[in-house]
Amino acid sequence: MHTALSEFDMPNDEQVHLAAESFRLLADPTRIKVLWALLQGESSVACLAELAGAAPTAVSQHLAKLRLAGLVKGRREGTFVYYSAANDHVKSLLAQALFHADHVDRDIPPADNAEQEVAHHKR
C-alpha cells in the first residue's frame, strides 16, 4: 500500500533513535515544567527549582540530561550557570505536546490547522 504513495518517506534509523530519545527525556513532569520555563527566557537552577516545585539538586540533574540531549544549553557567569532552551524546535515540540494533552483532557476533536490552534493555545 505505502509503495503506491509517491511522497511516502520513512525517517532513517538514526533519526528515529534521536527522536525516541528526545521523547523519553520529555516523559517527566519536572522536565516539562523546566523546559516550559526556559522557553520564557534564561534562568538559573534555583529559579527553575522554585517554578517546577522541585529541589535544586533534582532540577540540576534534569538539566544535565536535557543538556546532553541538546534540548537546553547553559551559559556560565562566574560561579552561576544560566540555562535556556536550545532552539525553536524545542518550543514547537513542547507546545504541540501540551496542545495535544489539552485536547485529550477536554475531549476536543483535532483541528484542521494545528498551527493556528497552537497559536490560539499560547494566548
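**Confidence, topology and the helix 2–helix 3 contact**

Within the protein, helix 3 has the highest confidence, with a mean pLDDT of 97, and helix 6 (residues 114-122) has the lowest, with a mean of 50. The model is predicted, and its pLDDT averages 86 over the protein. A score of at least 70 is reached by 88% of the residues.

Six helices and three strands make up the secondary structure of the protein. Read from the N terminus, the order of the elements is α-α-β-α-α-β-β-α-α. The chain comprises 123 residues, of which 28% are classed as buried. Among contacts in the protein with a separation of 6 or more, 47% join residues that lie 24 or more positions apart.

The packing of helix 2 (residues 29-39) with helix 3 (residues 45-52) was examined in further detail. The two axes come within 9 Å and cross at roughly 120°. Angles of 65 to 115 degrees count as roughly perpendicular and those over 145 as roughly antiparallel; helix 2 and helix 3 are therefore oblique to each other. The crossing of helix 2 with helix 3 is right-handed.

On the helix 2 side, the contact is formed by Thr-30, Lys-33, Val-34, Ala-37 and Leu-38. These residues meet Leu-48, Leu-51 and Ala-52 of helix 3. By residue class, the contact of helix 2 with helix 3 consists of six nonpolar residues, one polar residue and one charged residue.

Definitions and conventions:
Residues numbered from 1 in each chain as written. Predicted model: local features only at pLDDT ≥ 70, side-chain atom pairs only at ≥ 80, totals over all residues. Heavy atoms only, no water. Axes fitted to C-alpha atoms, helices over the stretch in contact; angles between N-to-C directions. Helix = DSSP H or I, 4+ residues; strand = E, 2+ residues; numbered from the N terminus. Parallel < 35°, antiparallel > 145°, perpendicular 65-115°, else oblique. Left-handed = near helix turned anticlockwise from the far one by under 90°. Contact = heavy atoms within 4.5 Å. Nonpolar A, V, L, I, M, F, W, Y, C, P; charged D, E, K, R; others polar. pLDDT = per-residue confidence, 0-100. Buried < 20%, exposed > 50% of the residue type's maximum accessible area, 1.4 Å probe, protein only.
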